[in-house]
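Welcome! Let us take a walk through this structure together, beginning with its open spaces and ending with its charged pairs.

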Amino acid sequence: LVGEVTSVSEATIRSETGGKLTRVYKKLGDAVDAGGIIAEFENSGERAAVLQAEGAYEQAKSSRDIARLNSGQAGTSLIDTKSQALNTLSNAYSSMDDAVRGKTDSAFTSPTFNEVKFILSIPDANLSTSLESKRRLIEKTLRVRESEIKSLTQTSDLVSELQEVQQEAQMIKLYLDDLYTAYSKALPDATYTQAVIDLGKSNTQGARQSVIATISALVSAKSSLTASVTANQVAGAGSQSSGTLASADAQVKQALGAYNAALSRLEKTIIRSPIRGTLNSLSI
């Protein structure tokens, strides 16, 4: 039939901020899921602000937990909080292991050995070399983490362990960012058709989301454990809270508001697709 093909629905995406573009994850004609990231502006300042607001929020929650303890409303005991932290650490390792070895290793040969090789064809030799180097480092990290997870108990320094695993998860997240970029640049051939490349890209995006959720769980577990340890120390010393429970709750709400505001500013530097579809114009 002779005719014109038009979209059932179409969205024009415009940036909410100005600045220098540091990453473009998609190219013209790519399929994009709803919420998928297309590009990012330079946002190191916004990320630092989020980290600072996150610290203030954690401190406010710690102060509230102490106030609850002194008002007879203390929640979960330190033993229970440590048990939750141990579960979070175990789940974090499983999530990172699945994200790397389970979902994305199809882009490599011998991924668990030193002779790991990135096998997709991309016009960026430096990116291929960087991915191979990062994959070797991640393999060593996962092996060490697997051994350490088995030896952890409630007497271990779980706050430090949560911090270390959070840093490892951040490293894996950056590796998956680069792998996603590599898939976006990949050139189809007889072995890796466009359909195979698209599947690998989708799996990588799913792995990234899983690791991001893991990072969030680690941050929350570390905050809860720190607050519980502090509250336990205060109870043991017989100290009295300097503020009322109502005031502590108000401070938590204020800190949460500042944290959400910082996240909102960061989100404005990230260009996302509001719908699922195909990019038919990319003016970047």
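What volume does the largest pocket have? In this predicted model, the largest pocket has a volume of about 1100 Å³. Its lining is made up of 34 residues, and those closest to the centre are Arg47, Val50, Gln170, Ile215 and Leu266. If you would like to trace the walls, look for the elements that give two or more residues to the lining: strand 1 (21–24), strand 3 (37–41), helix 1 (44–70), helix 4 (158–185), helix 5 (194–237), helix 6 (245–267) and strand 6 (270–272). Helix 5 gives the most, with eight residues. By class, the lining of this pocket has 14 nonpolar, eight polar and twelve charged residues.

Next comes the second largest pocket, with a volume of about 570 Å³. Here 22 residues form the lining, and Ala11, Thr12, Ile13, Leu279 and Ser281 lie nearest the centre. This lining divides into nine nonpolar, ten polar and three charged residues.

What about closed spaces? Rolling a probe the size of a water molecule over the atoms shows where empty space is left. The count comes to one cavity of 30 Å³ or more, and the volume of the largest cavity is about 30 Å³. You can find this cavity by looking for Tyr25, Ile37, Tyr180, Gln205 and Arg208, which line it. Three of these lining residues are nonpolar, one is polar and one is charged.

Now for the charged pairs. The whole structure holds 21 salt bridges. One of them brings us back to Arg47, which pairs with Glu40 at 3.3 Å between the closest N and O atoms. Glu40 is buried, with a relative accessible area of 6%, while Arg47 counts as partly exposed at 36%.

Arg101 forms another salt bridge, with Asp97, and their closest N and O atoms are 2.6 Å apart. These two residues sit four apart in helix 2 (residues 78–102), so about one helical turn separates them. Asp105 and Arg135 also meet in a salt bridge, at 2.9 Å from N to O. Because Asp105 lies in the loop between helix 2 and strand 4 (108–109) and Arg135 in helix 3 (residues 125–151), this pair ties together parts that are 30 residues apart in sequence. Both Asp105 and Arg135 are buried. Salt bridges with shared partners join Asp97, Arg101, Asp105, Arg135, Glu139 and Arg143 into one network.

Finally, turn to the surface, where Leu21, Val24 and Ile284 form a nonpolar patch with about 230 Å² of accessible area together. Ile284 belongs to the segment after strand 7 (277–278).

Notes:
Residues numbered from 1 in each chain as written. Predicted model: local features only at pLDDT ≥ 70, side-chain atom pairs only at ≥ 80, totals over all residues. Heavy atoms only, no water. Patch = residues over 30% accessible without salt bridge, like charges linked within 9 Å, V, L, I, M, F, W, Y side chains within 5 Å. Areas by Shrake-Rupley, 256 points an atom, 1.4 Å probe, with all protein chains shown as cover. Salt bridge = Lys/Arg side-chain N within 4 Å of Asp/Glu carboxyl O. 1 Å grid on protein atoms, 1.4 Å probe; cavity = no way out; pocket = protein on both sides within 12 Å on 5 of 7 lines; lining within 4 Å. Points joined across faces, edges and corners; volume = space filled by probe spheres on them. Nonpolar A, V, L, I, M, F, W, Y, C, P; charged D, E, K, R; others polar. Buried < 20%, exposed > 50% of the residue type's maximum accessible area, 1.4 Å probe, protein only.
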